[in-house]
Each structure stands twice: as structure tokens, then as C-alpha cells.
Amino acid sequence: MKAYRLLFLLTILVLFESCGTWKSTLVSSGDINDAINNIITDFLHTSKLNKKDTIFTFYISEYEDVVYNPENNEVVYIPKKEETFIISIGRADNKIYPREENKVGTYDEIFPTRYTIRDGKLFYWSDTTQVITQEIISVLDKYNHIDFDWHKEYDVPPFVINDGAEGLVYYFCKNDLKNYKKKKSDNIRRHYRTPKLNCK
């Protein structure tokens, strides 16, 4: 019985130490890209979704909430508060389909401009301060995640809309990127009411 208790306590200690180790790598200050790197760390250590694919993408929300009014059939977009970042992560269901204007040195909000590879997995997103580079094109090509010839078969890019896509939405305090909450999402493009965060 004592041996069992000892083994149980050792297991708990190892789990706490492991959790403490990855959490200590999170940064508390920085920009949206630092928040995304915190997400990747959290995602790799806590989400079962990370085992279901090798390519993930981020969606940076411009709105805090989306409210639907059934009486007048209108959707109201509420601007996000300045003290928070709202970032979604999900499996990349679609490849990148370059258009003619998507050349190295240009910017397009749909075309990714930043990436990172962690544990053999590719994470990419669009950073408004960066332009398209040959490096990211080469990385997408390496992961077979870019289709240069789509226009030979289609008039428009063959995007797949997956309404049931699994994902997570992260909410960060801008003044402390270690202060965040997350919610599961069944649709990576939908926005959910922001959890309460104390961003003092």
C-alpha cells in the first residue's frame, strides 16, 4: 500500500513538474506573434486536437463578439476591446491557392506571411506587418500545402467550408500574455462572447 502511494505521489510530482516546465516558457509581454507562440506551446501540451493533424492555421479576430438579432435578421459586430487579443487555431482544411498577384514582396490578408514549425507540425498565419516571402512559399510547398495549378481546373479557389471544424479560441490580456483563457469552438470562423479576463 505504501509503495502504491509513493508511486502515485511521484506520478503527480512528475506531472506538475512537466506542466510547470512548459508554462515557464510562456512570455508575458509582446505582440500578436508572441501571443501566437504562447498558443502553440499551450496547444501542443494540452490539446488532443494537435494529434489529429500536422498543419494548423490561425485566425486573428477583429471583433470581440458577433450578436444576431432574429427580430430584424441582422448581425452586429462588436469591436474588440483594446486590452485583449482574440485568436483562433484550427486544422488547416484548405491548401493555399495563390492568385496571380500573390508574389514575393506583396501582402494579401489570405496568404500567410508567418510560420513556425514545432514538433514536426506546421503553424502559419497572416501578419499585417510582413510580406509574402520565398521562404514561406517553400515551407508550404514542403508540406504539400500550396497548389499553384488550381486555376487549371477551377475558376475560383476550391475552398472547403467545414462548419463543424474543431478548434480553439484563445483570449489574451495584451498587458500580460500569460493571462489567457480558451474555449472550444465547433467552427473556427465563428466568434464567441469573450470570457471575463482581469487585464489590469
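**Note on the predicted model: strand β4, the cores, salt bridges and one pocket**

1. Strand β4 is mostly covered, with 7 of its 8 residues buried. This is a predicted model, and the points below start from that strand and work outwards.

2. β4 has strand partners in β1 and β7. With β1, β4 runs antiparallel, and 5 bridges join the two. With β7, the pairing is also in the antiparallel sense, over 7 bridges. G90 can be used to locate both pairings: T57 has G90 as its bridge partner in β4, and G90 in turn has G167 as its bridge partner in β7.

3. The largest nonpolar core has 22 residues. Those with the most contacts inside it are F43, F58, I87, I89, F123, Y170 and F172. Two or more residues of this core come from each of α2 (32-46), β1 (55-60), β4 (84-91), β6 (121-125), β7 (167-173) and β8 (176-185). The element that gives the most is α2, with 7 residues. As a general matter, nonpolar side chains in soluble globular proteins tend to be buried together.

4. What does I87 touch, once its neighbours within four places in sequence are left aside? Its contacts are I32, A35, I36, I39, F58, Y59, I60, L168, V169, Y170 and F172. A reader who wants one residue from which to view the core can take I87, which is among those with the most contacts inside it.

5. A second core, separate from the one above, has 13 residues. I55, Y124, I136 and L140 are among them.

6. The structure holds 7 salt bridges. One of them joins K52 to E166, with the closest N and O atoms 3.1 Å apart. K52 lies in the loop between α2 and β1, and E166 in the loop between α3 (134-142) and β7, so this pair ties together parts that are 114 residues apart in sequence. Both ends are partly exposed: K52 has a relative accessible area of 44%, and E166 has one of 39%.

7. Which residues does K52 touch, not counting those up to four places away in sequence? They are R91 and E166. The C-alpha atoms of K52 and R91 are separated by 8.3 Å, although the two residues are 39 apart along the chain.

8. A salt bridge also forms between D127 and R114, where the closest N and O atoms are 2.5 Å apart. This pair links distant parts of the chain, 13 residues apart: D127 is in the loop between β6 and α3, and R114 is in strand β5 (residues 114-118). Is D127 buried or exposed? At 4% relative accessibility, D127 counts as buried, because the cut-off for buried is under 20%. R114, at 28%, counts as partly exposed.

9. Further salt bridges can be listed briefly. The side chains of D149 and K152 meet at 3.7 Å, N to O. Of these two, D149 counts as partly exposed at 42% relative accessibility, whereas K152 counts as exposed at 64%. R99, E101 and D108 are linked in a network of salt bridges.

10. The second largest pocket has a volume of about 200 Å³. Its lining is made up of 12 residues, and those nearest its centre are S47, L49, G167, L168 and K184. β7 and β8 each supply at least two residues of the lining, and the largest share, 3 residues, comes from β8. Two residues met earlier return here: G167 is the bridge partner of G90, and L168 is one of the contacts of I87.

11. Two loop residues deserve a look at their backbone angles. Most residues other than glycine have a negative phi. D119, however, has a positive phi near 55° and is not a glycine. D119 lies in the loop between β5 and β6 and is exposed, with a relative accessible area of 66%. N144 likewise has a positive phi, of about 55°, although it is not a glycine. Where is N144 found? Its place is the loop between α3 and β7, which is also the loop that holds E166.

Methods. Residues numbered from 1 in each chain as written. Predicted model: local features only at pLDDT ≥ 70, side-chain atom pairs only at ≥ 80, totals over all residues. Heavy atoms only, no water. Core = buried A, V, L, I, M, F, W, Y, C linked by side-chain atoms within 4.5 Å. Buried < 20%, exposed > 50% of the residue type's maximum accessible area, 1.4 Å probe, protein only. Helix = DSSP H or I, 4+ residues; strand = E, 2+ residues; numbered from the N terminus. Contact = heavy atoms within 4.5 Å. Salt bridge = Lys/Arg side-chain N within 4 Å of Asp/Glu carboxyl O. Pairing = 2+ DSSP bridges. 1 Å grid on protein atoms, 1.4 Å probe; cavity = no way out; pocket = protein on both sides within 12 Å on 5 of 7 lines; lining within 4 Å. Points joined across faces, edges and corners; volume = space filled by probe spheres on them.
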